[in-house]
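Subject: Structure handover

Hello,

Here is the structure I promised to pass on. Please open it next to this email and follow along.

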Amino acid sequence: MKAIVVKPHQPGMEVKDVNIEEKVGKGQVLVKTLYTGVCGTDRGIVGNKLSFTRPQEGWSELILGHEAFGQVEEVGEGVKELRKGDYVVPVVRRGCGVCLNCKIGKQDFCETGNFVEAGIRGKNGFMREEFVDDEIYLVKVPEAIKDIAVLTEPLSNVVKAIEEVMHIQQRMVWNCEDGAYDCRNAYVVGTGPIGTFFSLLLRTYGFNVYMLNRRDPSPAEEYVSTRIEAEFVNTTKGVDHLPKADIIVDTSGFPSAFVPLMHKMNKNSILVLFGTQTGDKVQIDADLVTFMVENNIAVVGSVNANKWHFKSAVNYLTMWKEKYGDLLNRMITTVVPPENAKEILENKPKGEIKSVIKW
Ligand SMILES: [Zn+2]
């Protein structure tokens with residue numbers, strides 16, 4: 001079958017026929033791939049910038065792809081819920097099978113580090129015409145969102161991060177007098193697909209959202225911020241006019257982007273680190289440490305998502321489809337066939353929010 005493969009630790013990618021003999025075993029399902037999304041992780045692997053990528057055991061190459069959406073073609077014996085024709089999204093990380101978190105489906109908090117991730121490390125991904133997977137790692141998707149369901153995976157990671165925030169902030173009363181969050185302010189640093197999803201989810205909770213970047217908005221970003229009633233802020237023009245932040249989410253990975261904002265953090269606020277980069281350096285001084293201590297400021301890093309977060313992401317997409325369907329459709333800015341995947345995997349298309357491959 002046709003697949004997009006990389007040789008881990010060598011730059012480049014190839015669209016080619018791979019010979020995979022996958023049988024639909026007990027509790028397993030054959031899924032026809034419909035769409036796969038492309039993100040910075042895929043481009044990092046193709047550009048040989050991610051040290052942790054590795055092929056599946058017994059393979060020298062890795063089939064790329066972790067953001068997928070497909071349709072069930074065949075169900076194996078013992079499959080409980082899924083039927084032929086159902087739409088599904090696969091979970092990316094598969095647990096180590098040893099640590100307690102992995103044993104109870106919280107593989108996003110694996111303690112041994114011996115997990116595998118489809119299309120990233122130790123497991124072939126979904127950029128291929130079809131794949132066999134265990135039913136327990138597939139999340140059913142309503143037909144109503146089949147045009148946007150490829151966004152489930154990136155959104156699942158955002159849902160997990162905000163779940164962590166809400167969990168940590170239970171250390172006090174954080175909601176407003178009316179029980180909602182309309183009195184709270186959020187800065188979201190970075191305005192790509194992840195920044196857009198953080199903004200949309202925080203708006204859904206009621207937060208006043210400020211979408212921050214070091215430049216003026218693109219037409220697509222202008223549209224998104226207006227549509228969700230968030231304020232786009234070009235930080236090079238100053239942030240003095242902004243109210244204090246109850247939460248700062250960094251999706252950029254650049255400390256030079258979020259550390260200078262930290263003096264704007266409110267008492268009992270929280271900083272979420274989500275973006276990853278290399279190289280950028282910023283010094284933190286003792287005055288900032290004192291400020292954080294004296295104000296109970298929490299810092300949390302967040303990565304990956306478990307099946308529950310995928311299910312929640314599907315629920316959010318279904319709910320948002322009615323109110324923000326136009327916006328979610330517009331987030332998919334580029335669609336190419338697998339034959340042309342090279343152009344979106346080696347370079348970021350101009351004005352991109354999310355690029356996808358249609359299988
Ligand atoms: Zn584990």
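Start with helix H5. The residues of H5 that are buried are covered by, among others, helix H4 (193-205), strand S13 (208-213), strand S14 (231-234) and H8. H5 itself spans residues 219-227. Its buried residues are Glu-221, Tyr-223, Val-224 and Ser-225. After H5 comes Glu-229, with a positive phi near 55°. One caution before you go on: this is a predicted model.

**The two domains**

How is the chain divided? There is a domain 1 (2-151 + 329-358) and a domain 2 (172-301). Their centres, taken over C-alpha atoms, are 30 Å apart. In the contact between them, 5 residues of domain 1 meet 6 residues of domain 2. Together the two domains bury about 570 Å². Carbon and sulfur atoms carry 81% of that area. Which residues of domain 1 lose the most area to domain 2? They are Arg-330, Met-331 and Ile-353. Together these three make up 78% of what the domain 1 side buries.

**The nonpolar cores**

The largest nonpolar core has 77 residues. Ile-247 and Trp-320 touch the most other members. Helix H8 (residues 307-331) gives the most to this core, with 10 residues. Why does the core lie between the domains? Domain 1 and domain 2 both give residues to it, so it lies between them.

Another core lies apart from this one. That core has 19 residues, including Ala-245, Ala-257, Leu-261 and Met-262.

Now look at Ile-247 itself. Set aside residues up to four places away in sequence. Ile-247 then touches Ile-162, Val-165, Trp-174, Asn-185, Ala-186, Tyr-187, Leu-202, Phe-207, Ile-270 and Val-272.

Leu-317 is a good residue to visit next. You will find Leu-317 in helix H8. Is Leu-317 buried or exposed? Its relative accessibility is 0%, so Leu-317 counts as buried. Beyond its neighbours within four places in sequence, Leu-317 is in contact with Ile-145, Ile-148, Ala-149, Leu-151, Thr-152, Leu-155 and Leu-328. Leu-155 is 162 residues from Leu-317 along the chain. Yet the C-alpha atoms of the two are separated by 8.8 Å.

**The annotated binding site**

Which residues does the UniProt annotation "binding site" cover? The record, an unreviewed entry, lists Thr-41, Glu-117, Glu-153, Asn-157 and Asn-304. They are spread over 264 residues of sequence, but they cluster in space. The largest C-alpha distance among them is 13.8 Å.

Take Glu-117 from that list. Glu-117 sits in strand S8 (residues 116-118). At 5% relative accessibility, it falls under the 20% cut-off, so Glu-117 counts as buried. Its side chain makes a polar contact with the side chain of Arg-93, at 2.8 Å. Leaving out residues up to four places away in sequence, Glu-117 touches Val-92, Arg-93, Lys-123 and Asn-304.

Asn-157 is another of the five listed residues. Asn-157 belongs to helix H3 (residues 152-168). With 10% relative accessibility, Asn-157 also counts as buried. Apart from neighbours within four places in sequence, Asn-157 is in contact with Phe-274, Asn-304 and Ala-305. So where do the two sets of contacts meet? Asn-304 is touched by Glu-117 and is in contact with Asn-157.

**Two loop residues**

Finish with two residues in loops. Thr-53 is in the loop between helix H1 (40-46) and strand S4 (62-63). Its relative accessibility is 3%, so Thr-53 counts as buried. The side chain of Thr-53 reaches the backbone oxygen of Ile-120 at 2.7 Å. Not counting neighbours within four places in sequence, Thr-53 is in contact with Pro-8, His-9, Ile-45, Leu-62, Ile-120 and Arg-121.

That last name leads to the second loop. Arg-121 is in the loop between S8 and strand S9 (122-123). At 17% relative accessibility, Arg-121 still counts as buried, because the cut-off is under 20%. Apart from neighbours within four places in sequence, Arg-121 is in contact with Phe-52, Thr-53, Arg-54, Phe-115 and Val-116.

Best wishes

Notes:
Residues are numbered from 1 along each chain as its sequence is written. This is a predicted model: local features need pLDDT of at least 70, side-chain atom pairs count only at pLDDT 80 or more; totals for chains, interfaces and linings use all residues. Side-chain values use heavy atoms; hydrogens and water are left out. A nonpolar core is a set of buried Ala, Val, Leu, Ile, Met, Phe, Trp, Tyr and Cys residues joined through side-chain atoms within 4.5 Å. Buried means under 20% relative accessible area, exposed over 50%, partly exposed in between (1.4 Å probe, protein chains only). Helices (H or I, at least four residues) and strands (E, at least two) are DSSP runs, numbered from the N terminus. Domain bounds come from an automatic or database domain assignment. Contact means heavy atoms within 4.5 Å. UniProt positions are given in the numbering used here, feature names are shortened, and annotations may be inferred rather than shown by experiment. A polar contact is a pair of N or O atoms within 3.5 Å; within protein, one must be able to donate a hydrogen and the other to accept it, and residues adjacent in sequence count only if both atoms are side-chain atoms. Buried area is the accessible area (1.4 Å probe) that two parts lose on being put together, summed over both.
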